[in-house]
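The exercises below are meant for a reader who meets this structure for the first time. Each one sets a task and then works through a solution step by step.

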Amino acid sequence: MKKTKKFMNELPCWKVRDELPSYDGKFININGKDYYCKYALEPGDQIFANNLASKMSIMCAKDYVVKVDEDYYYLSYSFNNDGIFKDGNYLGIKSNGLYDIWMFFEKNYPKDSKKLTYQLIRVYLFDIFIMNSDRNLGNLGILNRNGVVDLCILDNEYVFSDFGANLLPKLYFNDKLKSYKCADNLDDRLPMCVLKNIESLEYFLVTSDEEFYDVVLEFYNTLTPDLIDLEMQKLNKMGFTLENQEHSLMLYKEYYELIGNLLLERGILNGQGISKN
C-alpha cells in the first residue's frame, strides 16, 4: 500500500488525531458530530468501494481516513447524525436472504416496502459485481429521517474477496435451479467468488421479476472494467492502492465477461426476455 502524505479529505480532526487509537471500535464526537473509529488495515479498499456505491445511488456511510504515526484509521460518519439508524440485527431481520428481508419490509414498512426492496436489490447487485463478501445484518440497515426511510450500508472493505457475496436470492441456502445455462458450465478452477456469484446471479435472474432486469443492466453498463480501472487510478492519486490491485483488475475483466455471457445467454442483453429453462 502506498503511503499518503496527507489526510484523505477535509475532516477537521487535527486536535483528536493522536487520540484515535484509544477510540478504535468506538464512537468519537468531533465538532458535534459522531464518527465510528476503526483501524484500517487496507484503507484504500473501503474508499474505493464507497465511491462505487455512490455512483450506483446506494446510500453509504461517508468514511474519512486519518494517518496516526504509521497506522491508518477510518472515521465513519454516523447515520444517527441525520436521523435514527437501526441495523438489521437491531431491527430483528432473521437472515441474509433477500426474500426474508423483503418480507420484513412488507410487514414492518408496508408503505415503503417497494422502495426499500429496490434499494436492497441494488445492494445485492453491488456486492455481486464488486465481489464483496462481508454484507451482514450489522452493516446494512434502515435510516429514518423524519419519517423518510432508506436502506443504508457501511463497512465495504472486502472487495474482490475470495468468497462469494453473502446476500442470497433464495428462501433456503441450498436452493438450486434444476439447470443452469452458465453456472454449470464454468471452469471449476475459477476463484470461489466467481463461481458462487455467477450461480447466485443466475438464480436471481431466473427467479426474480422482470422489473429488476433494467437494474441489472444498469450495473452491467456502468461498472465496466474501464470504470473500475479509472476508479483504481483515482484511488492511487489519493495515495492508496487496493490490495492485489493488478490481480483484482485482471480478475474483474474475466468476471465481467462471464456476467455478460450470462446476461446474453439468459436473453437480457439482447432484449429477448429471460429464458426460465
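**Exercise 1. Find how many salt bridges the whole structure holds, and follow the one made by K115.**

Step 1. This is a predicted model, and a search of the whole of it finds 12 salt bridges.

Step 2. In one of them the side chain of K115 meets that of D150, with a distance of 3.4 Å from N to O; this lies within the 4 Å that the definition of a salt bridge allows.

Step 3. Because K115 belongs to helix α4 and D150 to strand β8, the pair ties together parts that are 35 residues apart in sequence.

**Exercise 2. Describe the open sheet that contains β8, and say where helix α4 packs.**

Step 1. Four strands make up this open sheet, in the order β3-β8-β7-β6, and their pairing is mixed.

Step 2. The edges are taken by β3 (59–60) and β6 (84–87), each of which pairs on one side only.

Step 3. Strand β7, residues 140–145, is joined to strand β8, residues 148–153, by six bridges in the antiparallel sense, and within this pairing I142 stands opposite L151 of β8.

Step 4. Helix α4 (residues 113–130) packs on the sheet, where it touches β7 and β8, and its direction makes about 10° with that of β8.

**Exercise 3. Work out the strand order of the antiparallel open sheet, and explain why β1 and β4 each have a side without a neighbour.**

Step 1. The four strands of this open sheet follow the order β1-β2-β5-β4, and the pairing is antiparallel.

Step 2. Since β1 (26–30) and β4 (63–68) stand at the edges with a single partner strand each, one side of each is left without a neighbour in the sheet.

Step 3. Going along the order, β1 and β2 pair over five bridges in the antiparallel sense, with Y35 in β2 as the bridge partner of I28. The two strands form a hairpin that has two residues between them, and in its turn N31 has a positive phi of about 50°.

Step 4. Strand β2 (residues 33–39) is also joined by five bridges to strand β5 (residues 71–77), again running antiparallel, and here C37 has L75 of β5 as its bridge partner.

Step 5. Helix α1 (residues 43–55) packs on this sheet and touches β2, β4 and β5, while its direction makes about 160° with that of β4.

**Exercise 4. Decide how α1 and α7 are oriented to each other, and list the residues through which they make contact.**

Step 1. Helix α1 packs against helix α7 (residues 225–237) at an angle of about 130°, the axes being 10 Å apart.

Step 2. That angle falls outside the ranges for roughly parallel, antiparallel and perpendicular, and therefore α1 and α7 are oblique to each other; their crossing is right-handed.

Step 3. On the α1 side the contact is made by G44, I47, F48, N51, L52 and K55, and on the α7 side by L227, I228, E231, M232, K234 and L235. By class, these residues divide into seven nonpolar, two polar and three charged.

**Exercise 5. Characterise the crossing of α6 and α8, and the residues that meet there.**

Step 1. The axes of helix α6 (residues 213–222) and helix α8 (residues 245–265) come within 11 Å and cross at roughly 145°, and the crossing is left-handed.

Step 2. From α6, the residues V216, L217, Y220 and N221 meet Y256, I259, G260 and L263 of α8.

Step 3. Sorted by class, this contact has six nonpolar, two polar and no charged residues.

Terms used: Residues are numbered from 1 along each chain as its sequence is written. This is a predicted model: local features need pLDDT of at least 70, side-chain atom pairs count only at pLDDT 80 or more; totals for chains, interfaces and linings use all residues. Side-chain values use heavy atoms; hydrogens and water are left out. Two strands pair if DSSP finds at least two bridges between them. Contact means heavy atoms within 4.5 Å. Axes are lines fitted to C-alpha atoms, for helices over the stretch in contact, and angles run from 0 to 180 degrees between N-to-C directions. A crossing is left-handed if the near helix is turned anticlockwise from the far one by less than a right angle, and right-handed if clockwise. Ala, Val, Leu, Ile, Met, Phe, Trp, Tyr, Cys and Pro count as nonpolar, Asp, Glu, Lys and Arg as charged, and the others, Gly among them, as polar. Angles under 35 degrees count as roughly parallel, over 145 as roughly antiparallel, 65 to 115 as roughly perpendicular and the rest as oblique.
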